[in-house]
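Open your viewer and get ready to select a few residues. We will take the tour one stop at a time.

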Amino acid sequence: MKNTPNILGIDFGTSNSAAGINLNGSPFIIELEPGEQTLPTSVFFDFENRKTMFGRPANCALINGYDGRYMRSFKSILGTSLMHEPRRIMGETLTFVEIIARFLQTIKTRAEDICHTQFHYALSGRPVHFYSNDAERDVQALRDLHECYERAGFQDVKFLNEPEAAALAAGPLPEGATNLIIDIGGGTSDFSVFQTNGNQTNIIASFGARIGGTNFDKSISFDHVMPLMGRGTQIRKELGNDLLTAPNAIYQDLATWEKIPFLYNVATLHNVDQMIRDGVYPKLFERLKTIISEQFGHELAFAVENAKITLNLRDNHVTPIDLNFIEHDLATTLESKDLGTSLGGYATSIGDTANETLRIANLTPEEIDTIIFVGGSSQMSAVQAEFTARFPRAKQKHQAAFTGVIEGLALATAYPFYD
Ligand SMILES: Nc1ncnc2c1ncn2[C@@H]1O[C@H](COP(=O)(O)OP(=O)(O)OP(=O)(O)O)[C@@H](O)[C@H]1O
Ligand SMILES: [Mg+2]
């Protein structure tokens, strides 16, 4: 089945997805939304119009306050028991397998309409490890994703490590040079060491860890925004005069993109009511109640993500976070030093994961000629500073942050994967 034209390349990302094919030896990225090369990995079940929306329209529906249920970052659920748990949405019983399958099916159908062909097979990206510290979950996550592709209507799916795909599209590099791809996305940090010889890309080693931009958002939110909702404040014990600190779990979940929808239930509201009743600062828990009852969790996550990106792009030392949607005139600020305290540990762990990749390759940092950044979170200055320090000798190259992986997958659809 060499050069089979009906294989669709899909980069199913935690935050953004993309699709592409090999067109006469070059990657052709399919516009899954008009004028756009990526599709936000999100879904909105619109209760009023009884419609399911994906990507940017889903994000808009959320921001415009439509009545419904929004979900994003569902790639992070692969490998967990939540994947197969049935839940009622718009009169249907759905699992995350089905929800992800519908997202992938939307990509398939749109790609077919644009390319005037049917795609029976998929070549999908995958992180090197969904879970680097849990082999069983790692295997289950891939099994889950495989099931989603089959449910989406593909006869078969093959997987390629995301950084290896990015290596295929890394562009001209000196013959025989040793290079390191650094792919930091929304959910994972992935690395590949490779050399190019003529048209050949030789992968020497790949490795990765479950750290990405959504973890950055979570830490920033937990450290700097959740205190406004009562995190860390005191609650009186039901009996006696003792005080307890408000439980962290609810704040952890509220700061975690994929966990937010699971907070919208009666049991959580009941807990928050108790916190209001017994809290030393009940007004803060009232805000928490507004977020849960009005389902503002994703708005909050977007506000934090936007502040992170703005602060990173402009390096302007302070960025406001407008929380007016929770309470009139409620706002806070995020400073460069806050990013440093919340993200420093992640930058070190990401750097350590790169070093582990080199260890597997039996190389030292001095032997790397070029480091190539790809993925939205590779643009974080904390990440770039970490790699400049660890690889002082290496040249730095920046591949298209959001399309580097799909370009490689698109190219690879013509390689003999289905022999
Ligand atoms: N300019 C920027 N500076 C810093 N971070 C950014 C910037 N733009 C986007 N991001 C972050 O990049 C992440 C998304 O990157 P990307 O689309 O590469 O991830 P993904 O491919 O969906 O995830 P993964 O590959 O981990 O599954 C988000 O966390 C987003 O907040
Ligand atoms: Mg990615």
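How far does a polar side-chain atom of lysine 75 lie from an oxygen atom of ligand 1? Select both: the distance is 2.8 Å. Keep in mind that this is a predicted model.

**Stop 1: around the ligand**

Stay with ligand 1 and select glycine 187 next. Here a backbone N or O atom lies 2.8 Å from an oxygen atom of the ligand. Then pick asparagine 312, where an N or O atom of the side chain is 3.1 Å from a nitrogen atom of ligand 1. On its own, ligand 1 has 660 Å² of accessible area, and the protein covers 94% of it.

Now show the whole surroundings. Ligand 1 sits in the largest pocket, with 23 residues around it. The closest are Thr14, Ser15, Asn16, Lys75 and Glu305. Colour helix H5 (213–225) and helix H9 (297–314), since each supplies at least two residues of this shell. Helix H9 gives the most, with five residues.

**Stop 2: strand S13**

Move on to residues 189–197, which make up strand S13. Are they mostly covered or uncovered? Mostly covered: seven of the nine residues are buried.

Add strand S12 (residues 178–184), which pairs with S13 in the antiparallel sense over seven bridges. To see one bridge, select aspartate 183 and its partner in S13, aspartate 190. The two strands form a hairpin with four residues between them.

Finally, select strand S14 (residues 200–209), which runs antiparallel to S13 and is joined to it by nine bridges. Look for valine 193, which stands opposite alanine 205 in S14. This hairpin has two residues between its strands, and glycine 198 in the turn has a positive phi of about 60°.

Technical notes: Residues are numbered from 1 along each chain as its sequence is written. Chains are lettered from A and ligands numbered from 1 in the order in which they are written. This is a predicted model: local features need pLDDT of at least 70, side-chain atom pairs count only at pLDDT 80 or more; totals for chains, interfaces and linings use all residues. Side-chain values use heavy atoms; hydrogens and water are left out. Buried means under 20% relative accessible area, exposed over 50%, partly exposed in between (1.4 Å probe, protein chains only). Two strands pair if DSSP finds at least two bridges between them. A residue is near a molecule or strand if one of its heavy atoms lies within 4 Å of it. A polar contact is a pair of N or O atoms within 3.5 Å; within protein, one must be able to donate a hydrogen and the other to accept it, and residues adjacent in sequence count only if both atoms are side-chain atoms. Accessible areas come from the Shrake-Rupley method with a 1.4 Å probe; for residues, only the protein chains shown count as cover. On a 1 Å grid over the protein atoms alone, a cavity is a set of points where a 1.4 Å probe fits but cannot get out, and a pocket is an open set with protein on both sides within 12 Å along at least five of seven lines; lining residues have an atom within 4 Å of a point. A molecule sits in a cavity or pocket if more than half of its atoms lie within 2 Å of its grid points.
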